[in-house]
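Let's take a walk through this structure together. Please have the model open as you read.

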Amino acid sequence: MGTEVSKVKQILRGQMRQALAELSDQERAWSDGELIQRFLDHPKLAQAQTVMLYYGVGHEIRTEGLIQTLLDQGKTVCLPKCLPENQMEARAITSLEDLAPDRYAIPAPKDTCPVVEREKLDLILVPGLCFDSRGSRLGQGGGYYDRYLEDYDGVTIGLCREDFFQVNLPREPLDAWVRFVLTEEGQVWPMGTSAK
Ligand SMILES: Nc1nc2c(c(=O)[nH]1)N(C=O)[C@@H](CNc1ccc(C(=O)N[C@@H](CCC(=O)O)C(=O)O)cc1)CN2
Ligand SMILES: Nc1ncnc2c1ncn2[C@@H]1O[C@H](COP(=O)(O)OP(=O)(O)OP(=O)(O)O)[C@@H](O)[C@H]1O
């Protein structure tokens, strides 16, 4: 808090939000479709039975269709639920009707949905305003995912609109990495390697 890097991130966050807001509906719809298809085609998703997605709102990638598709495929689909002190947990849903707006107006699992331990999650789709070539991300500024992903051992994937992809985002020591970044054009991280 209050470090130079966190100030730079805050400014960058504002710029990214503004640029994302300026995208036309057509650009957004095209890019959402491509990104979701890349994710659906990803071999790590095929291997995963229990996945944590997020419910995209505002300038984020629309994930409602993706959530339904993975439910229809018989996967165990979890979404994040915010807890006090910027903590988060995963809860499994069986339909989009299991969701209700949380304190940020983001649809989140109702209290009747079962909590799924983090260690049971094969794959986490991580939200972010943008990602960089090393798999670093710029989130919404709550630090929820940084805390949640600390020491997480499974597969993490970020979807990033190509025009927002960064070479080197400013990083703080606690910032979480993702293993794979997918853009509309393909997988840009990890560059041609076969990271787990
Ligand atoms: N779709 C989605 N769900 C998600 C996340 C996400 O990024 N996307 N989260 C990922 O963490 C968690 C919610 N995190 C959030 C963190 C901050 C704000 C927020 O409104 N922030 C303030 C400014 C905060 C700041 O910059 O200091 C704002 O935007 O006005 C909203 C959600 C859990 N669910
Ligand atoms: N593991 C952690 N333990 C304690 N504090 C943390 C941890 N990770 C991040 N923080 C703190 O949380 C605050 C927000 O972090 P940051 O700006 O990286 O959020 P973000 O990754 O953009 O947000 P989000 O994950 O909610 O999308 C910072 O003050 C950071 O120091």
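The paragraphs below go from strands to an annotated site, then to salt bridges and an aromatic pair. Keep in mind throughout that this is a predicted model.

Let's begin with the strands. Strand S1 is joined to strand S2, residues 76-83, by three bridges, and the two run parallel. To find the pairing on screen, look for Thr-50, which stands opposite Thr-76 in S2. Between these two strands the chain passes through helix H4, making a β-α-β crossover that is right-handed. Strand S2 also pairs with strand S3, residues 87-93, this time through seven bridges and in an antiparallel arrangement. Here a handy landmark is Cys-82, which stands opposite Met-88 in S3. The hairpin formed by S2 and S3 has three residues between the strands, and Glu-85 in that hairpin takes a positive phi near 60°.

Now step back to the stretch of chain that leads from S1 into H4. The loop between strand S1 (50-52) and helix H4 (64-72) holds Glu-60, a residue covered by the annotation "binding site" in an unreviewed UniProt entry. Is Glu-60 buried or exposed? Its relative accessible area is 12%, under the 20% cut-off, so Glu-60 counts as buried. And which residues does Glu-60 touch, leaving aside those up to four places away in sequence? They are Asp-32, Tyr-54, Tyr-55, Pro-127, Gln-140 and Arg-161.

Next come the charged side chains, where the model holds ten salt bridges. A good one to start with sits within helix H1, residues 4-21, where Lys-7 and Glu-4 are three residues apart, about one turn of the helix. The closest N and O atoms of this Lys-7 and Glu-4 bridge are 3.6 Å apart. Glu-4 is exposed, with a relative accessible area of 57%, while Lys-7 is partly exposed at 44%.

Helix H1 also takes part in a bridge that spans the sequence. Glu-172 forms a salt bridge with Lys-9, and their closest N and O atoms are 2.8 Å apart. Because Glu-172 lies in the loop between strand S10 (155-159) and strand S11 (180-183) while Lys-9 belongs to helix H1, the pair ties together parts that are 163 residues apart in sequence. Both Glu-172 and Lys-9 are buried. The pair is also part of a network of salt bridges that links Lys-9, Glu-172 and Asp-175.

Another of the bridges is formed by Arg-118 and Glu-119, with the closest N and O atoms 3.3 Å apart. The two partners fall into separate classes of accessibility: Arg-118 counts as buried at 18%, whereas Glu-119 is exposed at 60%.

Our last stop is the aromatic rings, of which the structure holds one pair. Tyr-104 and Tyr-144 meet edge-to-face, 6.1 Å from centre to centre and with 85° between the planes. What does this pair tie together? Tyr-104 lies in the loop between strand S4 (99-101) and strand S5 (107-109), and Tyr-144 lies in helix H5 (residues 144-149), so the pair connects parts that are 40 residues apart in sequence. Tyr-104 is partly exposed at 44% relative accessibility, and Tyr-144 is buried at 11%.

Definitions and conventions: Residues are numbered from 1 along each chain as its sequence is written. Chains are lettered from A and ligands numbered from 1 in the order in which they are written. This is a predicted model: local features need pLDDT of at least 70, side-chain atom pairs count only at pLDDT 80 or more; totals for chains, interfaces and linings use all residues. Side-chain values use heavy atoms; hydrogens and water are left out. UniProt positions are given in the numbering used here, feature names are shortened, and annotations may be inferred rather than shown by experiment. Helices (H or I, at least four residues) and strands (E, at least two) are DSSP runs, numbered from the N terminus. Buried means under 20% relative accessible area, exposed over 50%, partly exposed in between (1.4 Å probe, protein chains only). Contact means heavy atoms within 4.5 Å. A salt bridge is a side-chain nitrogen of Lys or Arg within 4 Å of a carboxyl oxygen of Asp or Glu. Two strands pair if DSSP finds at least two bridges between them. A crossover is right-handed if, with the strands pointing away from the viewer, the path from the first strand over the helix to the second runs clockwise. Rings of Phe, Tyr and Trp (its six-membered ring) pair if their centres lie within 6.5 Å; planes under 30 degrees apart count as stacked, over 60 as edge-to-face and the rest as tilted.
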